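Subject: Structure handover

Dear colleague,

I am passing on the structure we spoke about, since you have not worked with it before. Please open it alongside this message, so that you can follow the points below on the model itself.

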Amino acid sequence: MSQSMKSLQAIRGMNDILPADTGVWQQVEARVRDLLAAYGYSEIRMPVLEKTELFKRSIGEVTDIVEKEMYSFEDRNGDSLTLRPEGTASCVRACVEHGLLHNQVQRLWYLGPMFRHERPQKGRYRQFHQIGVEAFGMQGPDIDAELILLTARLWRELGLSDVRLEINSLGTSAARAAYRDILVTYFSAHLELLDEDSRRRLHSNPLRILDSKTPDMQALIEAAPKLADHLDQASQDHFAGLRAMLDAAGVAYRINPRLVRGLDYYSQTVFEWVTDRLGAQGTVCAGGRYDGLVEYLGGRATPAVGFAMGLERLIALLVDLGVQPKLESAHAYLVLVGETAQQQGAVLGERLRDAVPGLRLQVNCGGGSFKSQFKRADRSGAEWALVLGDDEVNNGRLGIKALRGDARQETLPEMDVIERLRALVQR
Ligand code: ATP
Ligand code: MG
């Protein structure tokens, strides 16, 4: 193979999703769509490119995403653009820009690719897909609970066991500022135990240190002062309200005081759904409240809460648990023998599709012997082969043969075949 051919490969960390796998994706996506519609959420679609400034301001300058992971470049006008690393910032930008938040609540969702220049590994890619859900204009814990109950229902519908819920409260920004100082004092006393990132962030963003995955720092982080002990009354009430609703709904959870999330804009409630079945990349869904972000990005102060789930991880988990999608293979494959039949094939196909709503029919194209057409019919997964030869063209009949089992081929008037197809589609 020549050098130039070798370079024609996908970019590292960016995956093709092949035909054998798109069935699971479509099934998960369809389930999520139905579920979100049932809860009153509307879809919003944003561009994958935004001004770099949007992400710097919303996600926070001193975060992994903004410091190391963004795909940013200058376009032909010299503007700095970035492939979106997440959807919340774009969603807020779109809502503010189009006045969607004026004196109203919004329940929104989106689905699409996100881009982060991380080290590719199982469950961690450079292009990955999220379904994001955002709720604007509601400040109580009831909407936090709704989002969690909605995800719990989705896991049940998908047949996903083995995911557990972790929650925490980050309090108001005032409470966090006080806690920040306490953390700086604590970590400053143990400088020698901090890794390079953490030392650099000690003063700019000490909460990020709690989120560090460096193994040698885990004991230090475990022993750090807890935000929960420094929460203001309103935040404590909000968190207690959420817990009461989850208890009442029978949703189990663990309070994880170290759950701070990797983005700066969160306040109050944060949560993650985690599994042990995917190794280190075990968080399938994560989110929380971000009451300050809308105003910070130029809108009117608007409470907000949302989450995003990673589709690659969700689907890996489904596959790991052996949850199989229902295959939607063809009902019938139309075999065309002889020149006249080949000419009539497309027209017959259209007639059958008109007569049998919902019919999944593959029409043989590109000729081939009777035998090789039957091979293709078999490989298509169809239940029946329909056979049109020149005789059948002349007398308005059609051969029909079940491809599973050893039933004989019959030749019937076209109307009778249509009746059989209707029964098959309705089954
Ligand atoms: P992690 O701690 O695993 O890096 P995160 O806190 O950066 O996750 P979020 O930004 O909250 O993740 O994104 C929400 C979800 O999107 C994650 O829980 C995960 O399922 C998924 N996700 C995030 N980054 C990636 C990635 N690089 N590849 C695949 N999925 C991802
Ligand atoms: Mg991350």
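What follows is an account of the ligand site, the sheet and the enclosed cavities.

Please keep in mind throughout that this is a predicted model.

I begin with ligand 1, which is surrounded by 17 residues, the closest of them being Arg 116, Glu 118, Arg 124, Arg 261 and Thr 283. By class, the shell around ligand 1 consists of seven nonpolar, four polar and six charged residues. Three strands, namely S6 (127-136), S10 (283-289) and S11 (304-310), each contribute at least two residues to that shell, and S10 gives the most, with four residues.

Several atom pairs can be picked out at this site. A backbone N or O atom of Tyr 125 lies 2.9 Å from a nitrogen atom of ligand 1, while a backbone N or O atom of Thr 283 lies 2.9 Å from an oxygen atom of the ligand. The side chain of Arg 313 also takes part, with an N or O atom 3.0 Å from an oxygen atom of ligand 1. Taken alone, ligand 1 exposes 580 Å², and the protein buries 91% of that area.

The strands that help to form the shell also belong to a sheet. This is an open sheet of eight strands with mixed pairing, in which the order runs S1-S5-S6-S11-S10-S9-S7-S8. Strand S1 (42-43) and strand S8 (254-255) stand at the edges and have a single partner strand each, so one side of each is left without a neighbour in the sheet. Strand S5 (residues 106-115) runs antiparallel to S6 and is joined to it by ten bridges; within this pair, Trp 109 stands opposite Val 133 in S6.

Turning to enclosed space, the structure holds two cavities of 30 Å³ or more. The largest cavity has a volume of about 40 Å³, and its lining is made up of Tyr 179, Leu 210, Ile 221, Ala 224, Pro 225, Lys 226, Pro 257 and Arg 258. Sorted by class, that lining has six nonpolar residues, no polar residues and two charged residues.

The second largest cavity has a volume of about 30 Å³ and is lined by Lys 122, Gly 123, Leu 278, Gln 281, Arg 313 and Ala 316. Its lining divides into two nonpolar, two polar and two charged residues. You may wish to look at Arg 313 with both topics in mind, since this residue lines the second largest cavity and its side chain has an N or O atom 3.0 Å from an oxygen atom of ligand 1.

With best wishes

How values were computed
Residues numbered from 1 in each chain as written. Chains lettered and ligands numbered in written order. Predicted model: local features only at pLDDT ≥ 70, side-chain atom pairs only at ≥ 80, totals over all residues. Heavy atoms only, no water. Near = heavy atom within 4 Å. Polar contact = N/O pair within 3.5 Å; in protein donor to acceptor, adjacent residues only side chain to side chain. Areas by Shrake-Rupley, 256 points an atom, 1.4 Å probe, with all protein chains shown as cover. Nonpolar A, V, L, I, M, F, W, Y, C, P; charged D, E, K, R; others polar. 1 Å grid on protein atoms, 1.4 Å probe; cavity = no way out; pocket = protein on both sides within 12 Å on 5 of 7 lines; lining within 4 Å. Points joined across faces, edges and corners; volume = space filled by probe spheres on them. Pairing = 2+ DSSP bridges.
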